[in-house]
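Hello,

Here is the structure I said I would pass on. My notes on what was found in it follow below.

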Amino acid sequence: MSASKQVEDAVFFTALNLTDLGQRKLFLDQACAGNPGLRAAVEDLLAAQGDAEHFIAKGRAALHLPTEAFASGMATGADEPTRLDEEIGTRVGRYKLLQRIGEGGCGVVYMAEQEEPVHRRVALKEIKLGMDTKSVIARFDAERQALALMDHPNIARVLDAGATEAGRPYFVMELVRGVRITEYCDQNHLDTRQRLELFIQACHAIQHAHHKGVVHRDIKPSNILVTMHDGVPVPKVIDFGIAKAIEGKLTEHTLFTAYEQLVGTPAYMSPEQAEMSGLDVDTRSDIYSLGVLLYELLTGRTPFDGKELMKSGLDQMRRTLREKEPQRPSNILTTLHGTELKATAEHRHAEAPKLISLLKGDLDWIVMKALEKDRARRYETANGLAMDVERYLLNEPVVARPPSRLYRFQKLVRRNKLVFASGAAVSLALVIGLGVSTVLFLKEKEAWREQARLREEAQRSQQRENELRLQAEAKEKINQAAIYVSQERFDEADQLLETIKTLPPKPSFDGVNAYRSVGEWLALQGRWREAANRFLPLMQIDRLDEWRVVTLDYQACGAVLAECGDRERYAQFCQTAVINYGATTNGDMAGRILKTCLLMPPGKDLMAQLRLMAEVADQYFAPIPEKDFPEWAVIHLSLWDYRQSNYGQAEAWGQRLAGRGKGTALEATARVIMAMSCYKSGQAEEARGELAQGRALIEGKFKAGLDHGNGADGFWFDWIFARLLLREADGLLGA
Amino acid sequence: MSEITLVLQAIGRGESKASEDLLPLVYDALRRLAGARMAHEAAGQTLQPTALVHEAWLQLVSAGERSWQNRAHFFGAAADAMRRILIDKARRKSRLKRGAGQARLDIDDLELAQTTPDDNVLLINEALEKLEREDPEQARVVVLKFFGGLNNQEVAENMGLSLRTVERQWACAKGRLFRWVRAQH
């Protein structure tokens, strides 16, 4: 693989993850400085991103296997008969399919026959988006109430919804025999006035629906059919409520399927729909689409060419819809070539120059108002739009007005902030006509600072992004490790945990347990160093467990560290423990932590720090009567006394446990401490005796094999503890 | 113990020819398994390739042998086997649509916007063959993800890469494959 490809890939991927386009541009400026070839290649990849995803997804969708593919070794013909041929004549619910009428962006439409409760012909639209059928139907049911309330001569009723046996949702609608409104107008050479009259009716239909709380969301010529009633053309809007039912929460999956819809009719999508950012699409989105329809009825084309939009990829498409100002209807006609213009005019029963002058002025502005990018500036209601058109037809003044110069200028500046700020004379020239060049010149300095700030922001957010990404990755890994642990695949869990460098702030319970379990598993194999590497992070992330569990973890960690023999790390660990728990008032807890920090002979500083804990523990345990005295408390008290050189006292504690003969880790530890205390106070004979007994217990345990253990006889780390002290005692007594 | 397990053990011991033996075994196993499934299900049903591979893994490799290394080898071979099976199927279907007798997809006949999903698969495969010569690691990610159905984490484990690297390779691969296909028109 060539080095240049490596670089291209790296730059592309980083740029891809910078979703803010301003940051992305800055990054590319820096990364591709002096290398226009690289820039071009990366931008090409970025532009193709949306289409590439779509293309690969389409391929993946094809990767299902009909079982026949395995049966026959050779090709037979139809290993997957086309569903359609199968379906004709079959039933879908209570509908019998008769004929295929057409194919839309998201499904096939059939003519079907209904027998019950009423005999009639209907249109059945099967949706094949590969989505969750249940939720689509559920959503449609929610819509159905609203849809049932709609009763308007220009709206085709939606009658029913269900799911086929194969699990595809379908919708049943009033069958409308007609042609698309645009086709109808062209075929019959309707003039501008007649087209507007049809358009007004369509607006009334949409208004009725909005009044009932239903937004169409997918207005386009193929959804507005014209039928004849007694020789009079009647437009009918179809497919109400379907787009909403299909559209749902935006996941990555639905983004692809939404793209399918986009691929069908991007020209009719409102800017906020194209954003697909989850912004609530409201009635004004329909107004936009009506605006596009009006545009097409008047000029024969849409404000943005559908094919052009699709060619440039998803991001570019969004940007165009969001930012590019379309040409006014009268203007666009002037850009047409002779024959095209002639044909367009003919369809509208007019001469070319007359048509252009007809559109100029009020009609232009009505259309542009409906097509405003900012939805607050469009017509409030479909009726509002219809009324303005009516006013035009009656030669009354219309509401729509060309936008003021100031407004247009503001939009220009907002869109081209960076361009203006760079002080390019060219862009200044554009505004000289508006006489505000001085204002811009002053703004230049501010803009430079702005750029520098953006660069910094980009770097910081990149770092933040990396940090967050690492944390998220870590969290994933920990969860996976937890699963391995539950399956007793400790080796795999360990390997996975090894790869985690950045700890997530709040891992799950199971995640924390993964560290603990793997640590124990390693410790039981005698892999002390590795075990320590699992226990130490555990200290950091274990905030979820109850203090009793936490202290057990501390004991395990301390034991493992001491066993490693790594004095420095053990010392650090003790420091951490003291910092975290030194001020506890829980005597029980204090005792356990204390014990853990006394495994190796402590230095003076540590002793001083532990003193407070020792006092707390002492106060807690001292008043407890002998018969109720908890056994395990003996260890920390006795060990503390030993370290303090209070040998007599240490011995006394030990006496409490001696001779109980239960063979627990506690007993073994107590004996060892006693041995050391006795020795230090000159009773060598006794010391040796105690030590022998302690050793017998400990060596016996390790010979039998160390296991998880329990609270009564001692956990595995209790025995490690005992053995550590045994070694110290051996050193002391010179066995 | 199944034959596949034996081969996996051989791979584990470092025997050089062992990995070559794995692919044909896995290939056969997948076909047999699907055939057995078919006997129980109605015609016209479809199988998810990934489900099939997982089932084969559980059936043919005993619990004690399911180490992550073996898993990596098995799923790697399964992805290759799946690729072969799926490409064959796509070729057959495509041939049907274009008329019998054409051995290979004729790209010049295609309008990219009108390709069927099966044509897409074939185009992707052809682009993939080219990518294999240019960047074998990136191509391998594609095979594992696209034909083997492994998720990013599994690919990372299989190939011994970091998760981020896998994400990068996959993102770049998709763009490049598409670009190549588009450039042929």
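Notes on the structure

In chain B, residues 24 or more positions apart account for 65% of the contacts with a separation of 6 or more. Please keep in mind that this is a predicted model.

Chain B first. Its secondary structure consists of 8 helices and 1 strand, and along the sequence these follow the pattern α-α-β-α-α-α-α-α-α. Chain B has 185 residues, of which 40% count as buried.

In chain A, I looked at helix α9 and its surroundings. Helix α9(A) covers residues 192–211; at 1.5 Å a residue its 20 residues should span 28 Å, and the end C-alpha atoms are 28 Å apart, so the two agree. Many positions along α9(A) are buried, among them Leu196(A), Phe199(A), Cys203(A) and Ile206(A). The buried residues of this helix pack against α8 (181–187), β9 (224–229), β10 (232–237), α13 (283–299) and α20 (382–393) of chain A. Just after α9(A) comes Gly213(A), with a positive phi of about 85°.

Two of those packing partners, β9 and β10 of chain A, belong to an open sheet of 3 strands with the order β8-β9-β10 and antiparallel pairing. β8 (179–180) and β10 of chain A are at the edges; each has a single partner strand, so one side of each has no neighbour in the sheet. β9(A) and β10(A) run antiparallel and are joined by 6 bridges, and Val226(A) has Pro235(A) in β10(A) as its bridge partner. α9(A) packs on this sheet, touching β9 and β10 of chain A, and its direction makes about 35° with that of β10(A).

The other region to look at is helix α34 of chain A, residues 665–680, where Arg671(A) is placed. Is Arg671(A) buried or exposed? It has 28 C-beta neighbours inside 10 Å, and 20 or more are enough, so Arg671(A) counts as buried. Its C-alpha atom is separated by 9.5 Å from that of Leu726(A), although the two residues are 55 residues apart along the chain.

Finally, the nonpolar cores. The largest has 81 residues, and Leu594(A) and Val672(A) have the most contacts inside it. Helix α34(A) gives this core its largest share, 11 residues. Leaving aside residues up to four places away in sequence, Val672(A) touches Leu691(A), Gly694(A), Ala722(A), Leu725(A), Leu726(A) and Ala729(A). There is also a second, separate core of 75 residues, which includes Ala112(A), Leu196(A), Ile238(A) and Leu321(A).

Regards

Methods
Residues numbered from 1 in each chain as written. Chains lettered and ligands numbered in written order. Predicted model: local features only at pLDDT ≥ 70, side-chain atom pairs only at ≥ 80, totals over all residues. Helix = DSSP H or I, 4+ residues; strand = E, 2+ residues; numbered from the N terminus. Buried ≥ 20, exposed ≤ 12 C-beta atoms within 10 Å, placed from the backbone. Contact = placed C-beta atoms within 7 Å. Expected span 1.5 Å × (residues − 1). Core = buried A, V, L, I, M, F, W, Y, C linked by C-beta atoms within 7 Å. Pairing = 2+ DSSP bridges. Axes fitted to C-alpha atoms, helices over the stretch in contact; angles between N-to-C directions.
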